[in-house]
Amino acid sequence: MVTELPEPSLRPTPPLPLLVSMTDIAAFAHVKRPVVSTWRRRHPDFPAAVSESSGRPLFDGAQVAEWLIASGLGNAAPAELRSELALFGIIALRERFTAWQLVETVGSLLCLRRLDDRPLIDPETEAGDADLWAGVLRRAERIDVEDEYVLRELRTINAEATPADGAALAHLAEELVEAAYSEHGAYEWLLAARSRLGLDILTADSVTPELRNLLGRLTDLRARLGEGARVTLADPNARAGDLLAAVIADSEERDLLTVLAADPDDRLTRITRRRLLLAGVEELNLDVQTGTDLEERFADPDLVVTQLPYRPGEDRSVIAALTELERVAYLLRPGCTAVVLGPADALVDELKSTEAAQLRTALLRENIVESVIALPGGVLPFRPGYRPALWTLTRGPVHQAVGKVLLADIRAEPLTPHVSTRLAEDVLLWRAEGLRRDGHDPRYGRVVPVADLDRAFRGPLTPPAPPLPVFWSTEVAERPALIAEAEARLERATAEARAYEKQRGPYRGPVLRRGDALPPRTTLGRLIAAHRVTRLPGHRVDPAHLVPDGHHTVLGPGEVTGERPVGGRRIDRLVLATEYERAALTEPGDIVYTLAPRLGLYVDHDGFSVVAFPARILRLNRETARPLTPRVLAALLGAARGTARSPGAVRAARRIEDYQLPDLDPDEVLRFDALLAEAERREQLLRAQADALAEARRLTIAGLADGTLTVGSAPTHVTT
């Protein structure tokens, strides 16, 4: 009897395995590339390679992800591993689809899944690729009749690709949802990978997470929704909806939220519309327009958060930026707030154009400008030379804030979570209560009357002096006492140095020209072979285990080369015992050395330290016939010829075992060691004086610079 096979179109095409290289595995496991080689060598159950490309082994991505989850290795959570695997699958389709098609089509499939409230693929129904894709199209035509979210993109793919390609995208969309547990999380993961897909237009205007966090805090949306009232959020320059998505992310009562948005690019408009719908904004409370105007008949904005369109410096117009800012101000009704990110040359800097100065002054006179903040550079990663600033506007401020503006300048500080929180608290407290008389002054700004800014006219909108809390801080209040303490240390150090010199006499090294034959030469490698010196390895220490107040000092390349202070990094002895069972401590007199980034040598006189790789240890054997001392060996190695690294070289000029040094007689070693110890002691005395003097000088300059200190009569011994 002959058994007929079903038609090919009725049988689902089994998904091909996603092939990943060891570099890919390292990327989504968040480890270095050599770690994957170590896993493959040490773990027999590591998945075997299924293919090869240009001599590189390729692995089944699903098998690798399951192995990482089962073994617990790597630094990525299981959900993140699965999402990365799905994203790798999407990126792998760039040979068949453009980056735009991938982002738009997968986003549309996720949105269709959300609108239809059921999976794209029914696991109980065995259908071929053609039937599966035809079913997806029918659902899109039924649900998105007006083509607001998904229909256009799916029809485009249907016209340009095969049903098998469409079905593959549907499978990958389902895998993303399974990893992220929701369509919203899957879409955010997809958009987070847009730079890896090569979509520069979607990444060029993105801001750092720290700045997004600051913008969200300044809108205070969560507190507004917590009061139970409806809130309308708007962005007239939405682009891909990054700012709106960031502001909404921390709010929970999204059923009370209405969102208005606009952008001239229709593709970006549809991405924003899908993004906000998946974020939880009700379809009836969402209006995203293609163009430059919001649909204000839909609702009046309560909050506006926006980024002024970027223009290159050659084409940037200060007047155009201020005109955009004025347009945002006109959107606000009494009690409403706007947060506007724009170029510092228009929002903060001194203005050269009279017309621009008049426009900015007019905005200030309207009592609508709440705060002006100069932001640090680098908060727009793809525009490192762009200097941004931030304005917050409030129509109808509290009485105590009328006629005044909060000016803040944090350009010299990194936008850390701590700085972001304190700055947002300053602005929100100023918004709620205005000028206070109880001493609670802004920590990052100064309250300046608009009249003073009006008199300056074209002048910059920066604080005229440091924030008032600087003047009343503990550091400033204690500065005179700290200067007096540094001066006292200087006196003691000077007296100690004089007493030492009186006891020992002036420094005169008994150094003479050698009259006999030169001493024989040797190398460090020969000393190690003769067991006069032992070389010991350093240990790989996790930076997360380093604390400033641990029990054991950690000596790495930074400490050995002098780039970090010795004792600044320490490790707790319990952590050392539990996490580093084979770690050995240094002994007094060990020499810690490193060749990267350059030669560094440090004599650990106290011992009991942990040496962090790539630093290593040289330990001297005192029982040999020709013993060396740590000071002498470190000095001779540091003076060895041909040890520097040429510019651009990846490796050192030679191995440390090849360093040549004279093999001195034991008596000469002892005399040399005594001379080095004397020089070292005198250097310590001089350094104590220099450190105390530098501390007193630093504190004095800081006090004079911020106006909290003054100078009385000049010392009589100072010449002018």
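Which residues is T272 in contact with, leaving aside its neighbours within four places in sequence? The views below, taken from a predicted model, begin with this residue.

**View 1. Surroundings of T272 in helix α15.** Helix α15 spans residues 266-278 and includes T272. Leaving aside neighbours within four places in sequence, T272 is in contact with A238, R239, A240, G241, A261 and V288. T272 counts as buried because its relative accessibility is 1%, and buried means under 20%. Between the C-alpha atoms of T272 and V145 the distance is 19 Å, and 127 residues separate the two in sequence.

**View 2. Surroundings of T361 in helix α18.** T361 is placed in helix α18, which runs over residues 354-365. With a relative accessibility of 6%, T361 counts as buried. Once neighbours within four places in sequence are set aside, the contacts of T361 are D454 and F457.

**View 3. The largest nonpolar core.** This core holds 92 residues. Those that touch the most other members are L109, L154, L211, L214, L233, L257 and L390. Helix α5, residues 99-116, supplies the largest share of this core, with nine residues.

**View 4. Surroundings of L257.** Not counting residues up to four places away in sequence, L257 touches L221, L225, R230, V231, L233, I248, V281 and N285. L233 also belongs, like L257, to the residues of the largest nonpolar core that touch the most other members.

**View 5. Another nonpolar core.** Apart from the largest nonpolar core lies another, of 39 residues. Among its members are L260, A321, V369 and L461.

Definitions and conventions. Residues numbered from 1 in each chain as written. Predicted model: local features only at pLDDT ≥ 70, side-chain atom pairs only at ≥ 80, totals over all residues. Heavy atoms only, no water. Core = buried A, V, L, I, M, F, W, Y, C linked by side-chain atoms within 4.5 Å. Buried < 20%, exposed > 50% of the residue type's maximum accessible area, 1.4 Å probe, protein only. Helix = DSSP H or I, 4+ residues; strand = E, 2+ residues; numbered from the N terminus. Contact = heavy atoms within 4.5 Å.
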